[in-house]
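Biologist: Please take one helix of this model and examine it closely, together with the parts that surround it. I should like a connected account that begins with the chain as a whole.

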Amino acid sequence: MIVGHNPKSSPPPECLAEEKQKKSGDYKCGDVLERLKEDFRNKCYLCESKAPNTINVEHFIPHRGDTDLKFDWANLFLSCGHCNNTKLAKPEYDHILNCTDPEHDVENRIRYEIKPFPKEKAHITALDEAAEVRNTVFLLEAVYNGTTPLKSIESENIRKNLLDEIIRFQKLLYEFYHCTGQKIT
């Protein structure tokens, strides 16, 4: 989950109010997708995959037919297909931490441990006992480790991409210290 305060842009796209009035309105109207892409830095808000191949508009709180929630700009998040399908309106994930709300303080309520080794599972730990923290931990464990054979393969791919990114960062760090002659302490 994207940590730190990541506020949504405002005001909401004008097309949302227009589409809400239609019988078959589309919440992916106008510049909604581009604004979500910008707000979430083109990353899935759950697994943080950069430039995901599959993009979904996730309803943070499942709308379940509620038109107000369906078109509420604050309720629309950028998600990859894997994470959107993992969350998929399951009641246990209705109340999770919101990375766009500074009061939820995500980075101080959950600890991630993803070791930089192939095939290692992710370990997500709740740092307090609030229900939304526990629900978020369960969701992130499902996202990063899978719950079915298919989801486990997708999760392994996410962890592999994360490992690749860690390795690239380590190489850049090594080059920086090597080129500058600074000593690692």
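**A close look at α2**

Modeller: The protein chain exposes about 11,000 Å², and carbon and sulfur atoms supply 54% of that area. The model is predicted, and the values that follow are computed from it. Of the 185 residues in the protein chain, 39% count as buried. The C-alpha trace spans about 65 × 35 × 30 Å along its principal axes. Six helices and four strands make up the secondary structure of the protein chain, and from the N terminus on these elements run α-α-β-α-β-α-β-β-α-α. Among contacts between residues at least 6 apart in sequence, 62% join residues at least 24 apart. As to charge, the protein chain has 26 positive and 30 negative side chains, and the centres of the two sets lie 6 Å apart.

Within this setting, the helix to examine is α2, which spans residues 32–39. Its buried residues are Val-32, Arg-35, Leu-36 and Asp-39. These residues lie on the same side of α2, because they cover an arc of only 100° around the axis. Arg-35 and Asp-39 are thus named on the buried side along with Val-32 and Leu-36. The face turned away from that buried side carries the exposed residues Glu-34 and Glu-38. What covers the buried residues of α2 includes the helix α1 and the strands β1 (55–59) and β2.

Two of the buried residues of α2 lead directly to the interior of the model. The largest nonpolar core has 37 residues, and Val-32 and Leu-36 are among the members that touch the most others, along with Leu-16, Tyr-45, Cys-47, Leu-76 and Tyr-144. The elements that give two or more residues to this core are α1 (14–20), α2 (32–39), β2 (76–80) and α5 (131–145). Of these, α5 gives the most, with seven residues. Two of the elements that cover α2, namely α1 and β2, are thus also contributors of two or more residues to the core.

Leu-16 shows how α1 meets this region. Leaving aside neighbours within four places in sequence, Leu-16 is in contact with Tyr-27, Cys-29, Val-32, Phe-71, Trp-73 and Leu-76. Val-32 in that list belongs to the buried set of α2, and Leu-76 is, like Leu-16, one of the core members that touch the most others.

The backbone on either side of α1 and α2 also merits attention. In the segment before α1 lies Pro-11, and the peptide bond from Ser-10 to Pro-11 is cis, with omega near 0°. Just after α2, Arg-41 takes a positive phi of about 55°. Further on, in the loop between α2 and β1, Glu-48 has a phi near 65°, a positive value in a residue other than glycine. Glu-48 counts as partly exposed because its relative accessibility is 26%.

A comparable backbone feature is found outside the surroundings of α2. Phi of Asp-105 is near 45°, again a positive value in a residue other than glycine. Asp-105 is placed in the loop between α4 (81–87) and β3 (110–113), and its relative accessibility of 33% makes it count as partly exposed.

Key: Residues are numbered from 1 along each chain as its sequence is written. This is a predicted model: local features need pLDDT of at least 70, side-chain atom pairs count only at pLDDT 80 or more; totals for chains, interfaces and linings use all residues. Side-chain values use heavy atoms; hydrogens and water are left out. A nonpolar core is a set of buried Ala, Val, Leu, Ile, Met, Phe, Trp, Tyr and Cys residues joined through side-chain atoms within 4.5 Å. Buried means under 20% relative accessible area, exposed over 50%, partly exposed in between (1.4 Å probe, protein chains only). Contact means heavy atoms within 4.5 Å. Accessible areas come from the Shrake-Rupley method with a 1.4 Å probe; for residues, only the protein chains shown count as cover. Lys and Arg count as positive and Asp and Glu as negative; His and the chain ends are not counted. The place of a charge is taken as NZ of Lys, CZ of Arg, CG of Asp or CD of Glu. The arc is that of the directions from the helix axis to the C-beta atoms.
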